[in-house]
Each structure stands twice: as C-alpha cells, then as structure tokens.
Amino acid sequence: MPDDAEGPVRYRGRPLETLQGETLAQALTRQGHRILHRSIRYHRPRGPFCGVGYCTGCLVRVNGQPNVRACRYEPSPGDRVESENAWPSPEFDALAPLDRLSGTGFDSHRSFARPWWATQFYYRMIRRTTGFGRLADAVAPPPPPPGPPVDVETAVVGAGAAGSEVARRLGAAGHPTVLLDRGHRSGPIEGTMLIDRCTAVFLPPPSGPVDRPFRLVAAREDGRGLLVRARTVVAAPGGYDASLLFAGNDRPGVYTAEGAIADSPSPTDPPFRKAVVVGAGARATELLDRFGASVEAIVAPGPVGPDLARRASELGVELYPRSLILRAVGGRRVRGLELAHRGAGETFQLTCDAVVLAHRRLPNSQLHFQAGARMHWRAETGAYYPVLPDGVATTVPGLFAVGESAGFVGPAALESAQRAADTILGVAGSTGAPSRVEEAGPHELEGYYRELLGRPGGIPKTVACPCEDVLLKDIAQASQRGYRGIEVVKRYTSLGAGLCQGRYCLPDALLLLSIWEGRPPPEVGYIRQRPPVVPVALGTLAQLPGPGPPGAS
Amino acid sequence: MSRLARDRYRVVVVGAGVIGLYTAYHLASAGAGPILVVDRGFLSNGASGRNGGGVRQQWETRSTVRLAKEAVHAYRRFGSEFGQNIWFRQGGYLFLAESPGELDRLKAVDRVVAAEGLPSRLVDPDGVRRLAPAISLERVVGGSFLASDGTLYPFPVLWGLYERVRALGVEVALGVEATRVRTEAGRAIGLDTSEGPVGADVLLNAAGGWSGELSRSAGLTVPNVATLHEILVTEPLRRFLDPMVIRLSDGLYVSQTVRGELVGGLTFPHPSGTSRGMGSSPEFLSTMARALVRLVPRLSSVGIVRAWSGYYDETPDGFPVIGEDPRLRGFVHANGFGGHGFMLAPAATRRVAKAVLGEPTDLDPREFGPGRFLEPGRPGTIERLQPG
C-alpha cells in the first residue's frame with residue numbers, strides 16, 4: 001500500500017506527474033526519465049523497449065514490490081516508485097564501468113574457473129551484484145478473491161480482428177463463449193463473455209473430461225488468477241514487433257514499433273524528437289502516418305516499395321533501402337545510427353534520438369507450443385506456425401488457430417475466423433482453406449545476417465539477449481565450441497532464459513545459428529517456450545485450484 | 001550411412017547425462033579404449049539438464065553420506081579439473097521440520113551424518129531465522145543444517161564433461177536412440193540404435209528415466225520406474241537466501257541461484273512412465289506457488305518465469321543401482337538415482353567405471369547392486385528424508 005494514498009506519485013523520492021489513463025512508463029518518459037534500470041550482467045543502461053510487458057527494459061520497484069513493469073502499470077496516487085539494480089541512480093550507476101571494463105564480455109564458462117579461491121571470490125562478487133529487485137519490503141496486498149473457474153464451450157484467446165470475429169459469430173449463434181484479451185477492449189460482443197486485462201498464460205495439452213478437456217490458465221491485471229475450462233479453444237493471440245541484432249540495440253531510445261507507440265505521451269506525439277525507423281512494411285507505413293514529422297529516415301534491410309517511398313517523399317523523410325544497421329551510437333541514450341549500404345564497406349551515420357524497429361512481425365506462438373500442436377517453419381517470415389491440416393484446426397483436437405499467430409493476415413485473418421466459427425458451430429458455410437502468406441524464398445534477414453557477420457573487422461560488442469545480457473560473441477563461442485542446435489546453445493549461453501523467454505533474441509539467434517551450423521533453421525531447432533507465456537506472480541497462481549500441498553491442510 | 005565412427009566399441013554408454021558422461025570420463029582417463037556415448041536427445045535433454053542443482057550430504061545411510069562427501073569434494077575441484085565454472089556455491093542445506101515426528105527424522109539423519117565426520121547441526125526456530133531470515137517460522141519447530149552442502153548449475157557440469165571426454169577421444173553421439181540391447185548366451189553384445197547396430201564388450205545403462213525401458217529390452221525384469229517431477233524458476237531477485245531450504249512436510253525445496261532466481265519444486269504426484277511426455281501442469285504451478293508463499297510470504301508478488309519437468313528414475317528402496325547385472329554379463333547398471341544423480345555423480349561414477357572394467361568396488365551389493373531386487377527378504381525400505 002502506498003504510504004500516502006492522497007499524495008503525488010513519487011519517483012526516486014521526487015514527485016512525478018501522472019495523467020489519467022497513463023502508464024508509469026509513459027509518465028516517466030514524458031518527464032525525461034529515460035534510463036529506468038541497469039542490465040543484469042554488464043549494468044548497461046536500459047529503458048522502455050517493447051511496450052507490451054515482455055522485455056526487462058522498464059522494470060521498477062513500486063511500493064516496495066520488486067520487478068514491476070512500468071509499461072503495464074497505471075500508477076495510483078501516493079505510489080512510491082524506485083529504480084532497481086542501479087546505485088546511486090540508473091543514470092549514474094556505480095557498476096556502469098563494468099560494461100567497459102569487461103571489454104568484449106566475460107566468458108562466464110571459463111573466467112576464474114581456477115583456482116578455487118579465485119572462483120569463490122568471483123561467484124561471491126557476481127552474487128552480490130546480480131538479480132533485479134530486492135525482495136519485497138512487506139507482503140503485497142492480496143489480490144481480490146478469484147471467481148470460480150469459467151466453464152464454457154469455447155474459449156477465444158485474443159480480441160484482435162480475428163479473435164473478435166470468432167467470438168462475435170459464436171456469440172450470435174448462442175454458443176457459450178469466453179473471449180480473453182491482454183489489453184483493454186472497449187465495447188462488449190453480444191452473446192460473449194469478455195474478460196479483458198487478462199493474459200492467457202498457460203494452455204496445457206487437453207487432458208480433462210471429454211466435455212471440457214482444455215484448462216486455460218490466465219492472469220488478470222489486478223492479480224487474480226483465472227481458470228477457464230472449455231471444450232474447444234481458439235487461439236488468436238496475434239503477433240509482436242521483433243528486435244534486430246546490432247550493437248547498441250539495447251540502448252534507451254531503441255524501441256520496437258509497439259514500444260514506441262506505447263511509450264508515446266499521446267497517439268500522435270512520439271517519445272522522441274527525431275527517429276530512424278527500421279523497416280519497409282506495413283508497420284513502417286503506420287509509423288510514418290502516426291509520427292511522420294518526427295521521423296528522420298527510413299532504413300530497411302531490403303528494398304523499399306513504391307507506396308512507402310511515395311509517402312516518405314511527401315513527408316520529406318529520407319530513405320535508405322538495402323542497408324546494414326551496424327550500431328546505435330551514443331552513451332546513455334541513442335544519438336545516432338551507423339549504417340552501411342548492403343554490399344559496400346563504407347559506413348555512414350544518421351543523427352537521431354530514437355531507433356524504431358518496424359521491420360518484422362512475429363507470431364505469438366507460445367500457446368500453440370504449450371498445447372502440443374505440431375509446428376512448422378515458414379521461411380518467408382522466419383518463424384514457426386501451427387500445422388493446420390484442415391483449414392484452421394491444429395493437430396491438437398479442439399484447438400484452432402486463427403489470425404496472425406497462425407499466419408493469416410489482412411482479409412485472410414477474418415476468413416480464418418469465419419472458418420473456425422463455422423467449424424465449431426458445425427455449419428458447412430465456408431469452403432476451402434483461407435490462404436496464408438505465400439511461400440517465398442528465405443527471410444531477407446538470412447542474407448542480411450550473413451553479410452553482417454561477414455563484414456571485415458568483425459562486429460562490435462552486441463547484446464543478443466538483453467534480458468540476460470548474452471552477447472552475440474557468446475553465441476558464436478558456443479557454436480565454435482561444438483554446441484549445436486538452439487536447445488543446447490540456449491542452455492550454454494542462457495540466451496532466452498530471461499523474462500521475455502526469448503521473444504526478442506531467439507528468432508534472430510536461430511538465423512545466426514543456421515548460418516554458423518550450415519543447416520536450415522528448422523534443423524537448428526524449435527523455439528520452444530515454456531509456460532507461463534509471461535511471468536505470473538506467485539500470489540496469482542496460488543489462487544488457482546490445485547490438489548494442495550500434502551500435509552499443508 | 002551410420003553417424004557412428006565404428007561398429008564396435010570397448011564400452012557403449014547409453015545416456016549422455018551426468019552419470020554417463022562422468023563414467024565415460026573416468027573410463028577414458030583410465031585408458032579404457034574406444035568408448036561411445038549415445039543419447040536419444042540433445043545434451044542436457046534428460047534429468048541432468050532439468051534438475052534443481054542441489055548437492056547435499058545429509059543422507060540416511062553412511063554409505064551414501066560417504067559418496068556425497070566425495071562428490072562435494074569433486075565439485076569443489078571441478079573448476080580446476082575441467083576449466084569450467086559450475087557455480088558450485090556451498091550455502092548449506094537447511095531442512096525444516098514442522099512436527100516433532102519430522103524433527104525426530106532429522107535427528108536420526110544428523111547422527112548418521114555426524115558419524116561420518118560432517119559438522120551438521122540441529123537448529124531451533126531461532127537458528128532457522130538466523131540462517132534464512134526471510135522465511136516464515138510459522139509451524140517451524142526446528143531444522144537441521146550442514147554448511148558444506150550446496151547448489152550448482154547443472155548445465156555447465158555437462159559442458160565441462162562433454163568437452164573433456166571428447167578431448168580424451170570418447171565419441172558422443174547425440175540424437176541417437178538406443179532401441180534394444182543385443183544379447184547372446186547370457187551376455188550383452190551390443191545395441192540396436194537408430195543408426196544401426198553397434199557392438200560392445202560392455203554396455204552401460206545410464207539412461208536415467210529411460211533406463212527401465214532399456215533393461216527391459218534386454219529381457220530383464222527391473223523395478224525402475226520413471227516418475228515425472230515438475231520444477232520452476234522465478235524472476236531474479238537480489239541475494240536474500242543463502243541455503244537450499246527443504247521442508248519435510250510437503251517436500252518443498254528451493255534455492256536461490258547465483259544469478260538470483262529461485263529454483264524449486266515439491267512432492268507432487270504424477271502417473272509413472274514416459275509415455276505422456278514431459279510437461280507442466282496448472283495444478284503443480286498453483287501448489288508450488290502456495291508452498292513458496294507459505295515459506296516466504298513476501299514472495300507473493302514475484303513472478304514465475306518458467307516451469308518444466310523431467311523424470312526421476314526411481315527404485316523401490318530409493319537407492320541407485322550400480323553394478324553388472326547378475327543375469328546378463330557385460331550389462332552394467334548406473335541408474336535408479338531417483339532425482340539424486342547429480343548429487344552423487346562424481347563419486348558414484350568412479351565405482352561405475354570400476355564395475356565396467358570388472359574391478360571390485362567398495363559398494364555393498366546388498367545396498368547398491370542390481371541383484372538386491374532379486375533376493376527374497378532383501379533389506380527393507382529406509383524412510384527417506386526427501387522422497388525422490
């Protein structure tokens with residue numbers, strides 16, 4: 001509980017202005033607090049990046065509780081907000097020199113492995129300087145009591161275009177349906193129970209009774225746990241904007257597209273003065289439409305289409321197609337972006353105070369994986385999608401996949417929704433399978449990374465996994481030492497072991513390993529994510545039914 | 001074309017977990033000739049890559065305490081010997097008792113441990129508080145503590161062994177499945193694998209959760225049962241918990257890693273066998289969440305990042321099976337570790353290597369030998385501190 005429930009929100013002891021409906025991250029960014037904490041290993045400066053509650057860029061301590069994501073937290077009067085893993089402040093952290101002193105990075109496997117006393121000293125030092133937040137000052141206020149489990153015929157996960165369409169059709173037919181969404185959704189859907197601000201975190205393979213074989217675990221934003229039992233599940237969790245490997249990609253001021261949008265003080269007012277947007281697809285166009293006046297340049301790993309080129313020239317935005325993104329220049333914050341034209345040695349620099357990554361959308365495939373659906377690699381997007389032997393049905397009986405997470409975008413997303421609803425309702429309405437993105441050549445990033453890795457002089461210190469501070473060099477080293485396959489390299493480097501569970505590092509690491517191991521990405525391995533989809537508080541999980549610990553009655 | 005370099009080896013080890021690789025290391029160091037290690041998965045896919053990394057010496061029998069003591073010494077030397085950090089940190093093991101009966105069990109163990117010269121001690125609730133200030137003392141009536149017990153990161157032990165055995169000439173074939181033991185006239189002569197048959201003078205069953213299946217493929221009746229065990233890890237926190245804490249009442253175990261995460265599990269029933277695959281369950285997550293919050297109430301806002309599971313290879317008496325099978329010459333067991341393979345590996349595998357080479361060991365076959373399950377009136381089950 002806040003000390004002073006009437007007073008202003010305080011950040012590091014000073015009053016912080018907060019506006020109605022604003023997240024803590026927005027308020028902090030708006031008032032110039034760009035560095036919110038320091039990274040786990042090298043104490044590199046970090047700030048908001050993903051904007052959707054996955055990464056570790058905006059972890060803060062709120063009212064004595066550790067590891068609160070500022071981008072998902074709406075402050076209340078009297079909240080005390082502090083920074084974590086930084087002393088005396090995130091801007092001037094005493095351990096910041098570690099990043100430079102460690103040179104190209106520690107070899108955590110072999111540094112100080114002998115003699116015994118040196119090892120012990122090393123472990124002790126690491127133990128004292130690592131971890132994010134301190135243990136809570138006091139027991140957190142308990143979440144509201146959970147409701148009983150929700151029993152329905154169909155649970156729809158994700159209220160985007162496809163998920164809403166499925167729920168609308170099922171609801172209209174009187175089919176008992178619940179629609180879950182992570183965000184805030186305005187407006188009900190007739191005939192459907194809508195539960196928003198609620199993240200579906202765990203969908204184990206169906207194993208319950210025949211009429212409700214699925215048990216879907218969800219976590220509500222207010223801390224309540226929710227168990228949904230359903231006969232069928234329609235997974236429509238959508239996608240997210242990917243990261244990209246370049247030196248300084250973890251520096252405050254580098255955002256994903258949705259991160260930049262989420263961190264904006266208002267829908268058209270960006271969290272930067274001049275940004276370089278990376279990418280040439282629909283997402284880049286969207287950013288131009290939204291923040292056009294504050295976009296300095298568009299940089300793309302591949303070609304730029306005529307529509308975007310026209311839009312850019314209307315706005316006076318410079319275009320740099322077919323470029324290698326080498327380095328975000330700057331100290332505690334981005335001051336520029338160093339580039340090279342593909343196939344050329346010379347580098348050049350653009351001045352900017354933000355880099356927005358809008359080059360690639362990836363599917364949220366965690367629930368499909370968890371449920372045991374067979375997945376397959378689609379080279380043109382460079383990601384895994386559920387195998388759909390019959391239109392929208394996965395290989396798990398009763399589990400359907402629609403929308404972006406299943407590879408259906410644009411009109412196909414709605415077609416996939418219709419198909420799922422018709423199948424569930426037993427209506428022979430839609431015919432033929434909705435078409436997914438056409439198979440094309442390999443993803444453009446495969447060739448891009450091949451060129452980047454082959455550049456003479458090598459690559460500067462690059463963080464491949466910001467949650468765990470795993471460097472590109474660490475992955476290369478694992479490969480050189482004979483570890484093959486993403487599963488083993490993950491464990492060797494701790495790549496993807498952090499809070500985002502590899503969302504922002506594994507897709508690119510898979511492409512790199514494919515190059516180093518000389519085999520196609522699907523042979524390098526699955527990008528498997530273990531439950532839960534996002535970290536869930538123990539107090540939330542404790543609310544879910546279970547057999548209870550033996551002897552604890 | 002087979003991926004295997006030879007069609008015949010002196011020793012074929014099934015299982016590239018800590019038991020298989022450590023044995024291969026001892027064998028290769030002794031110059032035992034061509035050695036092949038096969039594993040159906042990737043390195044660290046089995047229990048060796050799925051455990052909580054606890055290494056304790058508080059055991060119910062003196063022979064096991066001796067093995068564990070030797071294992072602790074080996075893990076202390078691991079960095080020097082293999083040039084690999086394994087993050088072995090001796091923060092101690094703190095057992096918690098919540099009833100006089102549980103305390104009596106700890107006292108009995110304490111006597112055995114003390115008899116082997118280890119300075120374990122019984123502590124009262126105040127002593128518990130001093131060792132782990134964050135934990136709730138509600139219901140705690142006492143505990144036992146041994147400071148030289150500790151925790152390590154399991155993965156790097158495998159990396160160190162893997163790199164070393166390969167440098168010593170051992171062939172490690174990953175993704176190669178052992179499908180059947182080949183026998184001839186009461187003797188194991190080799191193995192059918194997914195890469196074709198391979199001959200062996202000695203076959204070592206170090207297949208962990210799959211060891212029962214392998215023995216049975218040789219026509220042997222063995223009591224090994226694979227039991228799923230779930231485990232989870234939380235977000236990293238700054239250092240606040242030094243010892244591994246084990247609560248007898250629900251089998252909860254939890255430790256804080258060098259990086260700050262809490263890793264732990266608890267006794268949670270699952271049907272046996274490997275047919276259902278390795279997964280997690282909502283019931284485990286909620287049970288474990290309640291157990292952790294009961295232990296440290298201030299953890300309630302901390303997030304679980306990841307849950308996974310693996311197999312315990314369990315035997316009826318809870319002790320491992322080490323030695324040549326009396327019914328099948330050339331077939332040596334190193335299995336049934338029941339979730340304690342990592343704790344005992346460095347010491348147990350020295351004996352396994354001897355058994356492979358046909359040398360005598362200091363292990364009592366009535367305690368560890370595969371023949372013990374065949375004898376009528378074999379020793380009764382000992383009450384275990386920690387099931388599994």
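## Report on a predicted two-chain model

B:Gly31 is exposed, with a relative accessible area of 57%, a value that lies on the exposed side because the cut-off for that class is over 50%. The model in which this glycine is seen is a predicted one. B:Gly31 sits in the loop of chain B that runs between helix H1 (18-29) and strand S2 (35-39). Its C-alpha atom is separated by 9.0 Å from that of B:Leu168, a residue 137 positions away along the chain.

A second residue of chain B, B:Val263, belongs to strand S15 (residues 262-265). Is B:Val263 buried or exposed? With a relative accessible area of 11%, B:Val263 is buried, since the buried class covers values under 20%. When residues up to four places away in sequence are not counted, B:Val263 touches B:Gly52, B:Ile231, B:Leu232, B:Val233, B:Tyr253, B:Val254, B:Ser255 and B:Thr257. B:Ser309 is 46 residues from B:Val263 in sequence, and the two C-alpha atoms are 12 Å apart in space.

### Two bent helices of chain B

Helix H2 of chain B (residues 62-82) has 21 residues, which at 1.5 Å a residue should span 30 Å, and the 29 Å between its end C-alpha atoms agrees with that expectation. H2(B) nevertheless has a kink of about 40°, centred on B:Arg76. Among the buried residues of H2(B) are B:Val65, B:Leu67, B:Val72, B:Tyr75, B:Phe78 and B:Phe82, together with small residues including B:Ala68, B:Ala71 and B:Gly79. The buried residues of H2(B) pack against H1, strand S3 (54-55), helix H3 (100-115), helix H5 (154-167), H8 and helix H9 (365-368) of chain B. Just after the helix, B:Gly83 takes a positive phi of about 65°.

Helix H8 of chain B (residues 341-356), one of the elements against which H2(B) packs, gives another result when its span is examined. A straight helix of 16 residues would span 22 Å at 1.5 Å a residue, but the end C-alpha atoms of H8(B) are only 18 Å apart. H8(B) bends by about 50° at B:Ala347. Of its 16 residues, 14 are buried, so H8(B) is largely enclosed by the rest of the structure. Just after H8(B) comes B:Gly358, with a positive phi of about 75°.

### Chain A as a whole

Chain A holds 15 helices and 29 strands. Its radius of gyration is 24 Å, close to the 24 Å that the globule rule gives for 553 residues, so chain A is as compact as a globular protein of that length. Taken along the principal axes, the C-alpha atoms of chain A fill a box of roughly 65 × 55 × 50 Å. Of the 553 residues of chain A, 60% count as buried, and of its contacts with a separation of 6 or more, 59% are made by residues 24 or more positions apart. The accessible surface of chain A comes to about 20,900 Å², with 54% of that area on carbon and sulfur atoms.

### Backbone details in chain A

The table gathers backbone angles in chain A, and the loops that hold these residues are described below it.

| Residue or bond | Feature | Value |
|---|---|---|
| A:Arg114 to A:Pro115 | cis peptide bond | omega near -5° |
| A:Pro531 to A:Pro532 | cis peptide bond | omega about -5° |
| A:Arg12 | positive phi | near 50° |
| A:Asn85 | positive phi | near 55° |

A:Pro115 is found in the loop between helix H2 (97-101) and helix H3 (116-129) of chain A, whereas A:Pro532 lies in the loop between helix H14 (521-524) and strand S29 (536-537) of that chain. A:Arg12, a residue other than glycine with a positive phi, occupies the loop between strand S1 (9-11) and strand S2 (14-16) of chain A, and it is partly exposed, with a relative accessible area of 35%. A:Asn85, likewise a residue other than glycine, is placed in the loop between strand S7 (80-82) and H2 of chain A, and at 5% relative accessibility A:Asn85 counts as buried.

### The contact between the chains

How many residues does the contact take from chain B and from chain A? It takes 67 residues from chain B and 70 residues from chain A. The two chains bury about 5,900 Å² between them, and 57% of this area is on carbon and sulfur atoms. On the chain B side, B:Arg238, B:Arg259 and B:Arg298 supply 13% of the area that chain B buries against chain A, more than any other three residues.

Methods:
Residues are numbered from 1 along each chain as its sequence is written. Chains are lettered from A and ligands numbered from 1 in the order in which they are written. This is a predicted model: local features need pLDDT of at least 70, side-chain atom pairs count only at pLDDT 80 or more; totals for chains, interfaces and linings use all residues. Side-chain values use heavy atoms; hydrogens and water are left out. Helices (H or I, at least four residues) and strands (E, at least two) are DSSP runs, numbered from the N terminus. The expected span of a helix is 1.5 Å times one less than its number of residues. The bend at a residue is the angle between axes fitted to the seven residues ending there and the seven starting there. Buried means under 20% relative accessible area, exposed over 50%, partly exposed in between (1.4 Å probe, protein chains only). The radius of gyration is taken over C-alpha atoms; the globule rule is 2.2 Å times the number of residues to the power 0.38. Contact means heavy atoms within 4.5 Å. Accessible areas come from the Shrake-Rupley method with a 1.4 Å probe; for residues, only the protein chains shown count as cover. Buried area is the accessible area (1.4 Å probe) that two parts lose on being put together, summed over both.
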